[in-house]
Amino acid sequence: MSSSRLELLDKVLTEQIIGVVREESVEAAEAVADAYATNGIRVVEITLTTPDAFELIAKLSARYAELDVVIAAGTVRSSNDAALARRAGAKVIVSPHTDYHVIEYANENDLLCVAGAGTPTEIIRAWEAGADIVKVYPAQHLGGPDYIRTIRGPIRDVQMLAGGPVPLDMIEPYLDAGCIAVNLGASLAVPDLVRTAQWDEIGRRALLATSIIQSRRDIVERETYVH
């Protein structure tokens, strides 16, 4: 793995949240992304189902370059999508499934690759194909943290991300079960809040989510210091 991919992986391992933006208008998507990025979420995923997604990725990549916010492209279903996302400025490629061409393109172009999978067979195939992180999706409907804990018994070497929907009160259970990070989308950008343009409230939820991660980090640091 290249140094730039290692740095991106390290960022996800540190931040433990990928904030997902999946909205019906580019205006709402931009407002949600801003609410995330200005409230502590440092990995922001713009799904390609968003109108004018590539233009938005380019705009946000430029806007947040100084803030140390990484822009990911989500719902990437072909290597052509991955190429367009890369040209727009995305550093991370996220798919709901495993596509070997997408993984190969990401690997060759120093992009962090997150591939979606559900069953143990799919998870191992995605990992062996070269995915840096395997998104267990949809985690909640597969059995939630208990499912993650069970499959991590035999599958211990795979970096797993809990794919949404992930409620805020499930962040810690997923991390405790062995996930390296969680996807947060509708639990932050609640549809009613988006519809009524309550961007400050979405920002407050983002801040709450990042504070959960920070609290866990503080506890680990305190325990390390004590020992």
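## Reading a predicted fold, feature by feature

Modeller: Let's start with the surface: the accessible surface of the protein chain comes to about 10,600 Å², and carbon and sulfur atoms account for 51% of that. Keep in mind that this is a predicted model.

Colleague: Fine. How many helices and strands are there in the protein chain?

Modeller: The chain has 11 helices and 8 strands. Its radius of gyration is 17 Å, close to the 17 Å that the globule rule gives for 227 residues, so the chain is as compact as a globular protein of that length. Along its principal axes, the C-alpha trace spans about 45 × 40 × 35 Å.

Colleague: And what share of the residues in the chain is buried?

Modeller: Buried residues make up 52% of the 227. Here "buried" means under 20% relative accessible area. Now look at contacts between residues at least 6 apart in sequence: 60% of them join residues at least 24 apart.

Colleague: Can you show me one residue from the inside? Which residues does V136 touch, leaving out those up to four places away in sequence?

Modeller: V136 sits in strand β6, and at 0% relative accessibility it counts as buried. Leaving out those sequence neighbours, V136 touches A117, G118, I123, L142, Y147, I148, M160, L161, A162 and G163. Take I148 from that list: it is 12 residues from V136 in sequence, and their C-alpha atoms are 8.3 Å apart.

Colleague: Let's do a helix. How should I read one?

Modeller: An α-helix has 3.6 residues a turn, so residues three or four places apart point the same way. Try that on a real one.

Colleague: Helix α4, residues 79–88, then. Which of its residues are buried?

Modeller: D81, A82, A83, A85 and A88. As for partners, the buried residues of α4 pack against α3, β3, β4 (92–94) and α5 (100–108). After α4 comes G89, which has a positive phi near 120°.

Colleague: When should a backbone angle catch my eye?

Modeller: Most residues other than glycine have a negative phi, and most peptide bonds are trans. Exceptions are worth a click.

Colleague: Where is Q16, then, and is it buried or exposed?

Modeller: Q16 lies in the loop between α1 and β1 (17–21). Its phi is positive, about 65°, although Q16 is not a glycine. Q16 is buried, with a relative accessible area of 18%. D52 is another non-glycine residue with a positive phi, near 55°. You'll find D52 in the loop between β2 (43–47) and α3 (53–63), and at 47% relative accessibility it counts as partly exposed.

Colleague: What about peptide bonds? Which residues does a cis bond join?

Modeller: One cis peptide bond joins Y137 and P138, with omega about -10°. P138 is in the loop between β6 (133–136) and α7 (139–142). Another cis bond joins G164 and P165, with omega about 0°. That proline, P165, is in the loop between β7 (160–162) and α9 (171–177).

Colleague: Now pockets. What's the idea behind finding them?

Modeller: Rolling a probe the size of a water molecule over the atoms shows where empty space is left. In this model the largest pocket has a volume of about 350 Å³.

Colleague: Which residues lie nearest the centre of the largest pocket?

Modeller: V20, R22, G164, G185 and A186, out of 15 lining residues. You've just met G164, which takes part in the cis bond to P165. By type, the lining divides into 8 nonpolar, 3 polar and 4 charged residues.

Colleague: What lines the second largest pocket?

Modeller: That pocket, with a volume of about 210 Å³, is lined by L8, K11, S61, Y64, A65, D68, V69, V70, I71, A88, G89 and K91. Helix α1 (3–15) and strand β3 (70–74) each supply at least two of the lining residues. The split here is 7 nonpolar, 2 polar and 3 charged.

Colleague: D68 is on that list. Where is D68 found, and what does it touch?

Modeller: D68 is in the loop between α3 and β3. Not counting residues up to four places away in sequence, D68 touches K11 and R42. K11 also lines the second largest pocket. For a distance to check on screen, try D68 to A37: they are 31 residues apart along the chain, with their C-alpha atoms separated by 9.4 Å.

Methods: Residues numbered from 1 in each chain as written. Predicted model: local features only at pLDDT ≥ 70, side-chain atom pairs only at ≥ 80, totals over all residues. Heavy atoms only, no water. 1 Å grid on protein atoms, 1.4 Å probe; cavity = no way out; pocket = protein on both sides within 12 Å on 5 of 7 lines; lining within 4 Å. Points joined across faces, edges and corners; volume = space filled by probe spheres on them. Nonpolar A, V, L, I, M, F, W, Y, C, P; charged D, E, K, R; others polar. Helix = DSSP H or I, 4+ residues; strand = E, 2+ residues; numbered from the N terminus. Buried < 20%, exposed > 50% of the residue type's maximum accessible area, 1.4 Å probe, protein only. Contact = heavy atoms within 4.5 Å. Rg over C-alpha atoms; globule rule 2.2 N^0.38 Å. Areas by Shrake-Rupley, 256 points an atom, 1.4 Å probe, with all protein chains shown as cover.
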